[in-house]
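Me: Please take a close look at the aromatic pairing in this protein, and set it against the fold and a few of the buried positions around the chain.

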Amino acid sequence: MTEGVLKAIGETDQMVALNRHAQGDWGNVSENEALTNNDGMLKGGRLFSSYQSEFGVAFHVVTEANRSLTWLKLREE
C-alpha cells in the first residue's frame with residue numbers, strides 16, 4: 001500500500017476492495033478497462049480496479065501481470 005492509502009483508507013475498506021478485486025469485481029472502471037481485466041485474468045495481464053472508501057475517497061487496486069504484486073494507491077498517486 002502507498003502511504004496515502006494507509007493514511008486515508010480504513011482497513012475495512014482496504015480488505016473489502018482486495019476481496020472484490022480478487023473475485024473479479026472491478027468496481028468503478030470503464031467498460032473497456034473491465035474487458036481488459038477479464039482478458040488479463042485469462043491471459044495473465046495486469047488487473048486494475050477502482051473503488052471508493054466509505055468516506056468517498058477514490059483509490060485503486062492494481063495487480064501486476066506476473067501476479068508478483070498487488071498494491072493499493074490513491075487515485076491521485
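Reply: What follows starts with the aromatic pair and then turns to the fold and to two buried residues.

This is a predicted model, in which local features need pLDDT of at least 70 and side-chain atom pairs count only at pLDDT 80 or more, while totals for chains, interfaces and linings use all residues. Residues are numbered from 1 along each chain as its sequence is written, and side-chain values use heavy atoms, with hydrogens and water left out.

Rings of Phe, Tyr and Trp (its six-membered ring) are paired if their centres lie within 6.5 Å, with planes under 30 degrees apart counted as stacked, over 60 as edge-to-face and the rest as tilted. By this rule the count comes to 1 aromatic pair, formed by Y51 and F59, whose ring centres are 6.1 Å apart and whose planes make an angle of 50°, which puts the pair in the tilted class. Buried here means under 20% relative accessible area, exposed over 50%, and partly exposed in between, with a 1.4 Å probe and protein chains only. Y51 is buried at a relative accessible area of 3%, and F59 is buried at 1%.

As for the fold, helices (H or I, at least four residues) and strands (E, at least two) are DSSP runs numbered from the N terminus. The protein has 3 helices and 3 strands, and from the N terminus on its elements run α-α-α-β-β-β. Its C-alpha atoms fill a box of roughly 35 × 25 × 20 Å along the principal axes, and buried residues make up 35% of the 77 residues. Taking contact as heavy atoms within 4.5 Å, residues 24 or more positions apart account for 38% of the contacts with a separation of 6 or more.

Two buried residues, one in a helix and one in a strand, add detail to this picture. Q14 belongs to helix α2 (residues 11-22) and is buried, with a relative accessible area of 7%; leaving out residues up to four places away in sequence, Q14 touches M1, V5, I9 and L72. T63 lies in strand β2 (residues 58-63) and is likewise buried, with a relative accessible area of 6%. Apart from neighbours within four places in sequence, T63 is in contact with H21, R46, L47, L69 and T70, and the C-alpha atom of T63 is separated by 9.5 Å from that of A22, 41 residues apart along the chain.
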